Amino acid sequence: MERENGKKMKILCLHGFRTSGSFLKKQISKWDPSLFHQFHMDFPDGKFPAGGKSDIEGIFPPPYFEWFQFDKDFTEYTNLEECISYLCEYITANGPFEGLLGFSQGATLSALLIGYQAQGKLLKEHPPIKLFVSISGSKFRDPSICDIAYKDPLKAKSIHFIGDKDWLKLPSEELASAFDTPLIIRHPQGHTVPRLDEVSTNLIREVVGQLEDHEKDTKKVEISNGEAKTVEVDIA
């Protein structure tokens, strides 16, 4: 998918807590590569080195990183403002980005950036983020953040992967409800990136294709008619 100047449109991909950009790239490699082949996918590492044990030790090699730190109730955050500033600088320097994709902490952070941008709090000179792909994402719980970031329904086209056995299942559903017309893809697994069946792959392709339609200012396909679109994903 290219702009008029011939350059590929970009998607910024933010990894989960105490993992890495390389690991997220591996996680989504199980998807049909044609879904995002027309984009430049950018996988930066988190701003801070992992401050403790990583869940992927022994599964994927270090180093590991985290975007910010938080308490056990996920209501108090450390280094969040530094992280947001870092990402805004990164986006400005390496963008523009048409979309954000994130897993867990990366998805939670991505949705915050979209909400803050919509309210004019940051990225004021950057074009509006048009696409959001959330895998096991959630909302922040601090009211001072929520009252701004999720004040109005978010207009970005959004795809939300929600696992039946994910400990963030309910928070993921709450995040999806913050978007205007979310596509919700459910799967029977836990806190992971699921494999996709043909139906869900085609639905994602349809949403992603709308970016190209918007860029060319031609047709727009409404796949959800103003309501959340839900599809069950069959995973082998």
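Which element gives the most to the lining of the largest pocket? The answer is α1, with three residues, and this tour reaches that pocket after a view of the whole chain.

**Before selecting anything**

This is a predicted model in which local features need pLDDT of at least 70 and side-chain atom pairs count only at pLDDT 80 or more, while totals for chains, interfaces and linings use all residues. Residues are numbered from 1 along each chain as its sequence is written, and side-chain values use heavy atoms, with hydrogens and water left out.

**The whole chain**

Display the protein chain as a cartoon: six helices and 11 strands appear. Helices (H or I, at least four residues) and strands (E, at least two) are DSSP runs, numbered from the N terminus. Of the 236 residues, 53% count as buried; buried means under 20% relative accessible area, exposed over 50%, and partly exposed in between (1.4 Å probe, protein chains only). A surface representation exposes about 11400 Å², of which carbon and sulfur atoms supply 49%. Accessible areas come from the Shrake-Rupley method with a 1.4 Å probe; for residues, only the protein chains shown count as cover. Among contacts (heavy atoms within 4.5 Å) between residues at least 6 apart in sequence, 75% join residues at least 24 apart.

**The largest pocket**

Select D55, F103, S104, W167 and H191 next. The largest pocket has a volume of about 800 Å³, and these five are the closest to its centre of the 31 residues that line it. The elements that give two or more residues to the lining are α1 (21-27) and α3 (105-118). By class, the lining has 11 nonpolar, 10 polar and 10 charged residues.

A pocket is defined on a 1 Å grid over the protein atoms alone, as an open set of points where a 1.4 Å probe fits, with protein on both sides within 12 Å along at least five of seven lines; lining residues have an atom within 4 Å of a point. Grid points are joined across faces, edges and corners, and the volume is the space filled by probe spheres set on the points. Ala, Val, Leu, Ile, Met, Phe, Trp, Tyr, Cys and Pro count as nonpolar, Asp, Glu, Lys and Arg as charged, and the others, Gly among them, as polar.

**The nonpolar cores**

Select L80, I84, L109, L112, F140 and F179: of the 36 residues in the largest nonpolar core, these touch the most other members. Such a core is a set of buried Ala, Val, Leu, Ile, Met, Phe, Trp, Tyr and Cys residues joined through side-chain atoms within 4.5 Å. β1, α2, α3 and α4 (143-149) each supply at least two residues of this core. Apart from it lies another core, of 27 residues, including M9, C13, L101 and V207.

**Backbone details**

Move to P62 and P63, which a cis peptide bond joins with omega about 10°; P63 lies in the loop between β3 (48-49) and β4 (65-66). Another cis bond joins G95 and P96, with omega about 5°.

R18, in the loop between β1 (9-14) and α1, has a positive phi of about 55° although it is not a glycine. R18 counts as buried, at 19% relative accessibility.

**Last stop: R205**

Select R205 in helix α6 (residues 198-216). R205 is partly exposed, with a relative accessible area of 31%. R205 touches D32, S34 and L35, not counting residues up to four places away in sequence. R205 and S34 are 171 residues apart in sequence and 8.7 Å apart in space, C-alpha to C-alpha.
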